[in-house]
Amino acid sequence: MGASNSLVTGSAQLWEQIVAHPFVAAAGEGTLPREAFDRWLVQDHFFVVGFRRFLAELRALAPDDGARALLDGGLDALEPELALFRAEAEQRGLDLDAEPSPTTLGYTAFVQASVLDGFAHGLVVLYGAEKAYLDAWTAVRERTASDSPYARFIDNWSSPAFAGYVASIAGLLDATLPAGPDEELARLFARVVRFELRFWDAVHEAETW
Ligand code: MP5
C-alpha cells in the first residue's frame, strides 16, 4: 500500500465522521441554515488565503520540475476559487475580514507551520486537507438535488479535475515516501484529520471566542 493510502486508512474512523458530518449532510440535503453556510464561507475564506501562502512555501521546497508543476497548478486554481468566495460573500452581504474562530486560526497556523519541517511534512498536510475536502464535497454532491445553491462550491472540490489533482498529490506523496510514512508523519496526518473534523464542528456550532 502506498503512503497516501496507508495514511487515510490509519485514520479511517475519523474519516467516516468527516464525510458523515451533520454540516456535510445538511448541505447535501438542502437543510443547512443560511447562517451556517455564511459562517463556513467566511471561515474557509480565511483558511484558503492562509493556505495559499502555505502552498507557495511548499512549492519553493519542491524537489523537481514535476512537483513544481503540480503545485503551480494548485496555486493557479486558488485564484478563481478565491474569486468565487468573494462573489458569494458580496451577494450574501458578508464581511470577509471578520475575525477567524480559534479553530480556523489554529488550523491555518498549523498548516503554515508544517512546511517549516520540510517538504515531506508539508506534502502530508496538503494531501490530508485536499483529500478531506474532495471526500466531504463528494459526499455533499451525492446527497444533492441538481439545483443546489452550493453548486459552484460542490463543483470546485468534487469535479474530475479536482479529483485528478488530489490523485496527483497522492502519487507525489507515494513517490516521496517509498517506505511509507514514519510515526511522526502519521501523527501529523492524524492531526490534519482531527482539524478537518473540528473545522466542520466549529462552523456548524458557531464557535466564538
Ligand atoms: C480545504 C479548504 C481545501 N478549503 N478548507 C478546509 C478547512 N480544508 C481543506 O483547500 P483548497 O486550497 O481550497 O482546495
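An oxygen atom of the ligand sits 3.1 Å from an N or O atom in the side chain of W157. The model is predicted. Two glutamates also make polar contacts with the ligand, E81 at 2.5 Å and E130 at 2.6 Å. The table sets out these contacts.

| Side chain | Ligand atom | Distance |
|---|---|---|
| W157 | oxygen | 3.1 Å |
| E81 | oxygen | 2.5 Å |
| E130 | oxygen | 2.6 Å |

Taken alone, the ligand exposes 360 Å². The protein buries 99% of that area.

**The shell around the ligand**

The ligand is surrounded by 14 residues. Those that come nearest are D44, E81, E130, W157 and E196. By class, the shell holds ten nonpolar and four charged residues, with no polar ones. Four helices, α4, α5, α7 and α10, each give two or more residues to this shell. α4 gives the most, with four residues.

**The largest pocket**

Where does the ligand sit? The space that the ligand takes is the largest pocket. This pocket has a volume of about 310 Å³. Its lining counts 20 residues, and the closest to the centre are E81, E130, N156, W157 and F162. E81, E130 and W157 thus appear here, and they are also among the residues nearest the ligand.

Six helices each supply at least two residues of this lining. They are α4 (34-60), α5 (65-92), α7 (119-143), α8 (151-158), α9 (160-176) and α10 (183-205). By class, the lining has 13 nonpolar, three polar and four charged residues.

**The second largest pocket**

How much space lies in the second largest pocket? About 250 Å³. This pocket is lined by 17 residues. R39, V42, Q43, E99 and E207 are the closest to its centre. Two elements, α4 and α10, give two or more residues to the lining. α4 has the largest share, four residues. By class, the lining of this second pocket has eight nonpolar, four polar and five charged residues.

**Helices in common**

α4 and α10 recur. Both are among the elements that supply at least two residues to the lining of the largest pocket. Both also give two or more residues to the ligand shell and to the lining of the second largest pocket. α4 leads in the ligand shell and in the second lining, with four residues in each.

Terms used. Residues are numbered from 1 along each chain as its sequence is written. This is a predicted model: local features need pLDDT of at least 70, side-chain atom pairs count only at pLDDT 80 or more; totals for chains, interfaces and linings use all residues. Side-chain values use heavy atoms; hydrogens and water are left out. On a 1 Å grid over the protein atoms alone, a cavity is a set of points where a 1.4 Å probe fits but cannot get out, and a pocket is an open set with protein on both sides within 12 Å along at least five of seven lines; lining residues have an atom within 4 Å of a point. Grid points are joined across faces, edges and corners, and a volume is the space filled by probe spheres set on the points. Ala, Val, Leu, Ile, Met, Phe, Trp, Tyr, Cys and Pro count as nonpolar, Asp, Glu, Lys and Arg as charged, and the others, Gly among them, as polar. A residue is near a molecule or strand if one of its heavy atoms lies within 4 Å of it. A polar contact is a pair of N or O atoms within 3.5 Å; within protein, one must be able to donate a hydrogen and the other to accept it, and residues adjacent in sequence count only if both atoms are side-chain atoms. Accessible areas come from the Shrake-Rupley method with a 1.4 Å probe; for residues, only the protein chains shown count as cover. A molecule sits in a cavity or pocket if more than half of its atoms lie within 2 Å of its grid points.
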